[in-house]
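Colleague: I have not met this structure before, and I would like to go through it slowly. Could you explain the reasoning behind each term as we come to it?

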Amino acid sequence: MALNLLPLHTLLIFVSIINSALLSSADQDSHPYIWPLPAEFSSGEETLSVDPGVSLIVAGDGGGSPIVRAAFERYMGMIFKHTYGRASSLLARIRFLRMVEYDITSLNIIVHSESEELQLGVDESYTLMVSKRNEQSIVGAATIEASTVYGALRGLETFSQLCAFDYSTKSVQIYKAPWFIQDKPRFAYRGLLIDTSRHFLPVDVIKQIVESMSFAKLNVLHWHIVDEQSFPLETPTYPNLWKGAYSRWERYTVEDASEIVRFAKMRGINVMAEVDVPGHAESWGVGYPDLWPSLSCREPLDVTKNFTFDVISGILADMRKIFPFELFHLGGDEVNTDCWKNTTHIKEWLQGRNFTTKDAYKYFVLRAQQIAISKNWTPVNWEETFSSFGKYLDPRTVVQNWLVSDICQKAVAKGFRCIYSNQGYWYLDHLDVQWDKVYKTEPLNGIKHPSHQKLVIGGEVCMWGETADTSVVLQTIWPRAAAAAERMWSSREAVSKGNITLTALPRLHYFRCLLNNRGVPAAPVDNWYARRPPKGPGSCYAQ
């Protein structure tokens, strides 16, 4: 159903919401149970009922997007899961002539742009307004207005968190209405890394991770696909590479990877692939032994052979057909060059060029960068490349911090963009880091100049896979990833002031239970050691 409604009309219809709102974000003693916290909001004291047959009314150039319609059905399924089918519930009401009046009977989604391009910095802002029918609005409605379909997705998530099932009336209700929310993310890049080399994760598990990311408004899945332990991805140009998989059943086809990218896009999430070179690549040589410096010395990859770079080019050419995101991660971390200086033909190659092994490391990284750039990718590298030879990196390089706390400060001072992922707080495989340490970690610490702050494009929590497989990965990610997600989405002022035990912890408990109710096995919030089950009986909302 189409609705020809201009933004001005929307504002006029809902002006009463703003004027009558009793609480504002500045005046509230406690924050609403929305995660992550919106940028601006006001609310009232009314309780509204939501029609299980709520209709979708779309407007704007992008309102009719399949992404919007699919998301509406997905969220309605979550909101009304206790009605066991919205359509059947609607038919039952008609059949038995139960004339029930609901306060919210439609959801209006207005999207101004028809573009569905999903790239870094896409507009994810939205306005959400919820009120019952009154003299200015004859139809009780919720309205989401956004510039892009991805803003509309974020608005739908917030709307879903306002909706609560009342077990007494067996109906969905919205408390503290009317609501007026204007929201946008603080950082353009809000990532989660998964590692499918240390342990294989089935496609359906990756999809479940992606789905859970959308609930916290994370927007980049950093897929660390291959490493020294296994090479699970099909690469048609060099088909023997996935002989380095753990087994023939622990592999991803091109179609698998493309389906993950498609699934993620429907939820407003980019997929950034990583192929880590020249270290962390021993598994490549299972299919192509010439990539190893020798049979007894298997990484870093052989820097002397054009074949090495031909394979990298072939991998990237194949992956470019799968991954449309503008960023591609080339790794570059933890490169131990002893193998090069202890291998005769590489030692001779170094001497012939008057290279040290550090020079060879730089040569390898810069050549790999140019291959990625030739395929219209922006290279991302771990911080060691910047620390070792930062002035030689391509100026388009995005530096990912993980090891040293002030790397983003140094990188942005040199004009590079940076992703913050400090291992002391945002590495989820560090199981002894509790939620409050994750929450308090600030990507812009020590970065004072506004022009430098803008170069920190965001942050990322990292779920390295050495001790996490399908059996525990989701409860290791959640709920601590949500603590970082709010830090990356919400304003610095909102998440940094007050006592977080009062302002954040109750909401995080609530969000963890929301995840559980949606089928995500998030672990208890207050665990001293992540992913452990509760110690004894108790409510989800207090553990």
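Modeller: What follows takes the domains, then one residue, then the cavities, and please keep in mind that this is a predicted model.

Colleague: What makes you speak of domains in this chain, and where do they lie?

Modeller: The domain assignment of the chain gives domain 1, made of residues 8-17 together with 26-183, and domain 2, which covers 189-491. Taken over C-alpha atoms, the centres of domain 1 and domain 2 are separated by 37 Å, and the contact takes 23 residues from domain 1 and 28 residues from domain 2.

Colleague: Which annotation covers residues 187-491, and what is the chain like there?

Modeller: The unreviewed UniProt entry carries the annotation "domain: Glycoside hydrolase family 20 catalytic" for residues 187-491, and such an annotation may be inferred rather than shown by experiment. Over that range the chain is 39% helix and 13% strand, while the end C-alpha atoms are 9 Å apart.

Colleague: Why is Thr-308 called buried?

Modeller: Buried means under 20% relative accessible area, and Thr-308 has 0% relative accessibility, so Thr-308 counts as buried. Thr-308 is found in helix α9, residues 306-320, and, leaving aside its neighbours within four places in sequence, Thr-308 is in contact with Leu-291, Leu-301, Asp-302 and Phe-364.

Colleague: How many cavities of 30 Å³ or more are there, and what makes a space a cavity?

Modeller: A cavity is a set of points where a 1.4 Å probe fits but cannot get out, and by this rule the count comes to two cavities of 30 Å³ or more. The largest cavity holds about 80 Å³ of space, and about 40 Å³ lies in the second largest cavity.

Colleague: Which residues line the largest cavity, and how do they divide by class?

Modeller: The largest cavity is lined by 15 residues, and those nearest its centre are Arg-480, Pro-524, Val-525, Asn-527 and Ala-530. By class, the lining of the largest cavity has nine nonpolar, four polar and two charged residues.

Colleague: How do you know the class counts for the lining of the second largest cavity?

Modeller: The second largest cavity is lined by Arg-74, Tyr-75, Leu-153, Arg-154, Ser-214 and Arg-267, with α3 (66-79) and α5 (149-162) as the elements that give two or more residues to this lining. Arg counts as charged, Tyr and Leu count as nonpolar, and Ser falls among the polar residues, so the lining of the second largest cavity divides into two nonpolar, one polar and three charged residues.

Methods:
Residues are numbered from 1 along each chain as its sequence is written. This is a predicted model: local features need pLDDT of at least 70, side-chain atom pairs count only at pLDDT 80 or more; totals for chains, interfaces and linings use all residues. Side-chain values use heavy atoms; hydrogens and water are left out. On a 1 Å grid over the protein atoms alone, a cavity is a set of points where a 1.4 Å probe fits but cannot get out, and a pocket is an open set with protein on both sides within 12 Å along at least five of seven lines; lining residues have an atom within 4 Å of a point. Grid points are joined across faces, edges and corners, and a volume is the space filled by probe spheres set on the points. Helices (H or I, at least four residues) and strands (E, at least two) are DSSP runs, numbered from the N terminus. Buried means under 20% relative accessible area, exposed over 50%, partly exposed in between (1.4 Å probe, protein chains only). Contact means heavy atoms within 4.5 Å. Domain bounds come from an automatic or database domain assignment.
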